[in-house]
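The following exercises introduce a protein model step by step. Please study the sequence and the structure before reading each solution.

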Amino acid sequence: MKLQHIDLHNAITTLSCALDLVGVDEIRHGKRVAIMARAIAMHLNWPELDCLSILYSGMLHDCGVSRIHEHRRLTETLEWDGAEEHCIRGAAYLSACEPLAHLSTEIRYHHSRWEKLLDTPIDHHLRLRANLLFLADRIDVLQANFLNSGLILTEYPAIITKIQALSGVLFAPELVNAFAEIANIEAFWLAMEPEYLDEDLRRIGSRIPTSLLDIPALKELARLFSRVVDAKSPYTDEHSQRVAHIARQLAIDFGVEGYELEQVEIAGLLHDIGKLRVSEDIINKPGGLTPEERATMHRHSYDTFRILQRVFDDSKIPVWAGLHHETLLGDGYPFKTEKKELDLECRIIAVADIFQALAQQRPYRQTMSLEYILNNLQSRVASGHLDAKVVAKLTENADFYYRLAIA
Ligand SMILES: [Fe+2]
Ligand SMILES: [Fe+2]
Ligand SMILES: [Fe+2]
């Protein structure tokens, strides 16, 4: 579908798959939380729009979690002292993204105990929404061990009892009561199976009026996800945003404009979205990677391609982003794409990516000087890997691009 035809439901549903990848071995947490929160909201007869927006909040509630270790802590225990940080981070990301800013308060408080929320100066309706996310999130932690084994059907009564014991303390009594009523049927739990989750999300999307995103809104969404990716490691702070900026400027230097230019920027913002699946132990490793670690690292651009294909199919974005580690010699990854298949925009993003990465500190080396970087890019041109014209254009305005990379 063309960029003009992308709707909010599809964009959130598919991009949230990338957030779910942070769970690595348990990758549908966001979707389960979303479907359970919506089911409870519907049982409480919340207005239709509220039921829909709690679904979106559920899918996005962990956008402040980029790191696998943090994800594990959050899904291991019912309460964890460090939980609030990701709520604050996630709320900050969402409030900076206009199409989703209205969800930021409930994300901010989605790990707050009900008894504490009652003293928090926010609208009562928002208290309930935040607490509903907390409830669904914790139910998912309790059911995690029984997922995909069929054991949930014998274990769910114990989960209901545990949640009821926390009524009025961790969770709002009216939410707990609604949960206990609908969770008493097998269907509530069976709907958590992966294919049913995806099917339900598709069905919900097909029944609501389409809400098309314009290009500025799409860019804001892309920026939100780029922040999640960049937060994966202190070493990649702002990497995607800066790559997008450099790539956009280079594209302008080559006369790219309009719709194509917007696609370059979005591809730049999202080129590393597949990295959400890579453990920060690998990204932050000071020494060389083992063959297994390298293989894990190298799959990120393929994951990027697949995720973006689901959202931006029929646009150039999946290809321009997914091919950022291909080379003109055809020895890159993951497709070993040949030179003639690599659009100017792919070549631009590949150069922008290397240029920015070299200007930024990495766990295994310091920041590189501009002179070093230009020599490095030149040697990659000489070996036939990078596009000579793109590197020449960047070199013409080297100081300007260096500032974009680091300032
Ligand atoms: Fe969560
Ligand atoms: Fe990459
Ligand atoms: Fe990158």
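Among contacts between residues at least 6 apart in sequence, 68% join residues at least 24 apart in this protein. The model is predicted.

**Exercise 1. Determine the secondary structure of the protein and judge its radius of gyration against the globule rule.**

Solution. The protein comes to 23 helices and zero strands. Its radius of gyration is 22 Å, and the globule rule gives 22 Å for 407 residues, so the protein is as compact as a globular protein of that length. The C-alpha trace spans about 70 × 45 × 40 Å along the principal axes. Of the 407 residues, 45% count as buried.

**Exercise 2. Check the span of helix α15 against its number of residues, and state which helices its buried residues pack against.**

Solution. Helix α15 covers residues 258-270, which makes 13 residues. The expected span is 1.5 Å times one less than the number of residues. This gives 18 Å for α15, and the end C-alpha atoms are 19 Å apart, which agrees. Next, the buried residues of α15 are Glu262, Gln263, Val264, Glu265, Ile266, Ala267, Gly268, Leu269 and Leu270. These residues pack against α13 (215-230), α14 (239-253), α18 (300-312), α19 (317-322) and α20 (344-359).

**Exercise 3. Describe how the two domains are placed and what domain 1 brings to the contact.**

Solution. The protein is divided into domain 1, residues 3-207, and domain 2, residues 215-406. Their C-alpha centres lie 33 Å apart. The contact takes 21 residues from domain 1 and 23 residues from domain 2. On the side of domain 1 that touches domain 2, α1 (8-20) and α4 (68-76) each supply at least two residues. The largest share of that side, seven residues, comes from α1. By character, the residues of this side of domain 1 divide into 15 nonpolar, four polar and two charged.

**Exercise 4. Explain where the largest nonpolar core lies with respect to the domains, and identify the residues that touch the most other members.**

Solution. The largest nonpolar core has 111 residues, and Ala37, Val351 and Phe355 touch the most other members. Helix α20 gives the most to this core, with nine residues. Domain 1 and domain 2 both give residues to the core, so it lies between them. As a closer view of one member, Ala37 touches Ile54, Leu55, Gly58, Leu132, Leu133 and Ala136, not counting residues up to four places away in sequence. In soluble globular proteins, nonpolar side chains tend to be buried together.

Key. Residues numbered from 1 in each chain as written. Chains lettered and ligands numbered in written order. Predicted model: local features only at pLDDT ≥ 70, side-chain atom pairs only at ≥ 80, totals over all residues. Helix = DSSP H or I, 4+ residues; strand = E, 2+ residues; numbered from the N terminus. Rg over C-alpha atoms; globule rule 2.2 N^0.38 Å. Buried ≥ 20, exposed ≤ 12 C-beta atoms within 10 Å, placed from the backbone. Contact = placed C-beta atoms within 7 Å. Domains from an automatic or database assignment. Nonpolar A, V, L, I, M, F, W, Y, C, P; charged D, E, K, R; others polar. Core = buried A, V, L, I, M, F, W, Y, C linked by C-beta atoms within 7 Å.
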